[in-house]
Amino acid sequence: MWNKKRISYQGVPGAYSHKACLEVGIDVEAISCNTFEGATAAVVEGRADLAMLPIENSTYGRVADIHRLLPESGLHIVGEHFLRVNINLLGIRGSRLKDIRSALSHGVLLGQCRDFLIRHGIRPVPSTDTAGSAEHVLAANDPGTGALASDLAADLYGLEILVKNVEDRPNNTTRFLVMAPDPEPCPPDTGAVLTTFVFTVRNLPAALYKALGGFATNGINMVKLESYMLDGSFTATQFYADVVGHPDEPALSRALEELTYFTSHVKVLGIYRAERSR
């Protein structure tokens with residue numbers, strides 16, 4: 001829990017990132033930013049103590065922009081938070097489900113309730129933000145236009161929830177990373193610990209296989225591994241990984257040492273406690 005902290009997030013008030021900020025602490029001041037880069041800059045510049053960044057969704061997959069942003073942000077991962085994403089169809093007061101012809105929301109959220117939209121013949125309209133879509137619906141005052149957003153957005157913008165929980169998957173969840181300007185102490189004996197890092201393999205045959213071999217031989221559980229291109233090149237690939245364990249523990253220390261033999265770059269982004277719901 002991060003009590004009495006200023007936490008920056010991407011989006012307008014009522015966004016799911018805003019809701020995540022309010023869930024992780026008491027007396028939290030959530031600071032709205034237009035972009036993910038703006039949310040990290042708020043911490044670097046001292047206008048916020050922490051940043052709340054979505055990294056992946058159980059239905060839609062990864063938030064691609066974040067993987068590229070993290071290594072260069074200058075921030076450290078100090079925690080994670082899982083937010084159960086309940087998506088609601090919102091409309092102006094007096095509108096009904098049968099009136100809605102189109103619904104606005106962020107493209108990632110639209111992908112999480114595709115079946116509902118098809119079933120009801122509602123046209124999805126991509127927007128830059130979930131809560132911003134609710135704000136737009138209020139301003140448009142059109143009974144045929146809805147927004148897909150949180151219950152917090154409904155409260156903030158005075159919209160009616162026409163249908164609750166329209167997400168296609170009942171376990172629809174987004175994982176957020178909590179970022180800080182400096183790493184926080186996380187001793188190895190404090191329960192389940194995650195270590196997150198990025199690496200680039202050398203241009204050698206079977207380099208990735210060999211780089212990951214040390215994690216297998218040392219019994220390290222790698223819970224996430226993703227790749228993405230660097231600088232638009234089809235030959236330069238960076239990998240993002242989450243492993244269970246602390247670098248000071250002998251097994252993970254050996255695995256990371258072996259990793260360096262087959263990589264040209266390794267950067268630890270954070271060492272932090274795993275959330276209990278994991």
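Me: Buried means under 20% relative accessible area, exposed over 50%, and partly exposed in between. The model here is predicted. Why is Glu160 called partly exposed?

Reply: Glu160 has a relative accessible area of 27%. That value falls between the 20% and 50% limits, so the label is partly exposed.

Me: Glu160 meets Arg93. What makes this pair a salt bridge?

Reply: The side chains of Glu160 and Arg93 come to 3.9 Å, N to O. The limit is 4 Å, so the pair counts. Glu160 lies in strand E10 (residues 160-163), and Arg93 in the loop between strand E6 (88-91) and strand E7 (102-106). The pair therefore ties together parts 67 residues apart in sequence.

Me: Is Arg93 buried or exposed?

Reply: Arg93 is exposed. Its relative accessibility is 57%, and the label asks for over 50%.

Me: How many salt bridges does the structure hold?

Reply: It holds 13. One of them joins Arg175 and Glu56 at 3.2 Å, N to O. This pair links distant parts of the chain. Arg175 is in strand E11 (residues 173-180) and Glu56 is in strand E3 (residues 50-57), 119 residues apart.

Me: Why is Arg175 called buried, and why is Glu56 called partly exposed?

Reply: Arg175 has a relative accessible area of 2%. That is under 20%, so Arg175 is buried. Glu56 stands at 21%. That is not under 20% and not over 50%, so Glu56 is partly exposed.

Me: How do you know that Arg62 and Glu226 form a salt bridge?

Reply: Their closest N and O atoms are 3.4 Å apart. That is within 4 Å, so the rule is met. Arg62 lies in strand E4 (residues 61-62) and Glu226 in strand E13, so the pair ties together parts 164 residues apart in sequence. Arg62 itself is partly exposed, at 29% relative accessibility.

Me: Which residues do shared salt-bridge partners join into one network?

Reply: Glu56, Arg62, Glu80, Arg175, Lys224, Glu226 and Asp242.

Me: Now the aromatic rings. How many aromatic pairs does a search of the whole structure find?

Reply: Three. One of them joins Phe197 and Phe215.

Me: Why is the pair of Phe197 and Phe215 called stacked?

Reply: The ring centres are 5.9 Å apart, within the 6.5 Å limit, so the rings pair. The planes stand at 10 degrees, under the limit of 30, so the pair is stacked. Phe197 lies in strand E12 and Phe215 in helix H8 (residues 207-217), so the pair ties together parts 18 residues apart in sequence. Phe197 is buried at 0% relative accessible area. Phe215 is buried at 3%.

Me: What makes Phe199 and Phe239 a stacked pair too?

Reply: The centre-to-centre distance is 5.3 Å, and the planes are 15 degrees apart. Both values meet the limits of 6.5 Å and 30 degrees, so the pair is stacked. Phe199 lies in strand E12 and Phe239 in strand E14, so parts 40 residues apart in sequence are tied together. Phe199 is buried at 0%, and Phe239 at 10%. Ring pairs link Phe197, Phe199, Phe215 and Phe239 into a cluster.

Me: Why is strand E14 said to be largely enclosed?

Reply: Six of its eight residues (237-244) are buried, so the rest of the structure largely encloses E14. Strand E12 (residues 193-201) joins E14 by seven bridges, and the two run antiparallel. Thr196 stands opposite Asp242 there. Strand E13 (residues 222-229) also pairs with E14 in the antiparallel sense, over seven bridges. Tyr228 has Gln238 as its bridge partner in E14.

Me: How do you know that E7 and strand E9 (residues 145-149) pair?

Reply: Three bridges join them, in the parallel sense. At least two are needed, so E7 and E9 count as paired. Leu104 has Ala147 as its bridge partner in E9.

Me: In which order do the strands of the open sheet of five stand?

Reply: The order is E8-E7-E9-E6-E10, with mixed pairing.

Me: What makes E8 and E10 edge strands?

Reply: Strand E8 (123-127) and E10 each pair on one side only.

Methods
Residues numbered from 1 in each chain as written. Predicted model: local features only at pLDDT ≥ 70, side-chain atom pairs only at ≥ 80, totals over all residues. Heavy atoms only, no water. Buried < 20%, exposed > 50% of the residue type's maximum accessible area, 1.4 Å probe, protein only. Helix = DSSP H or I, 4+ residues; strand = E, 2+ residues; numbered from the N terminus. Phe/Tyr/Trp six-rings, centres within 6.5 Å; stacked < 30°, edge-to-face > 60°.
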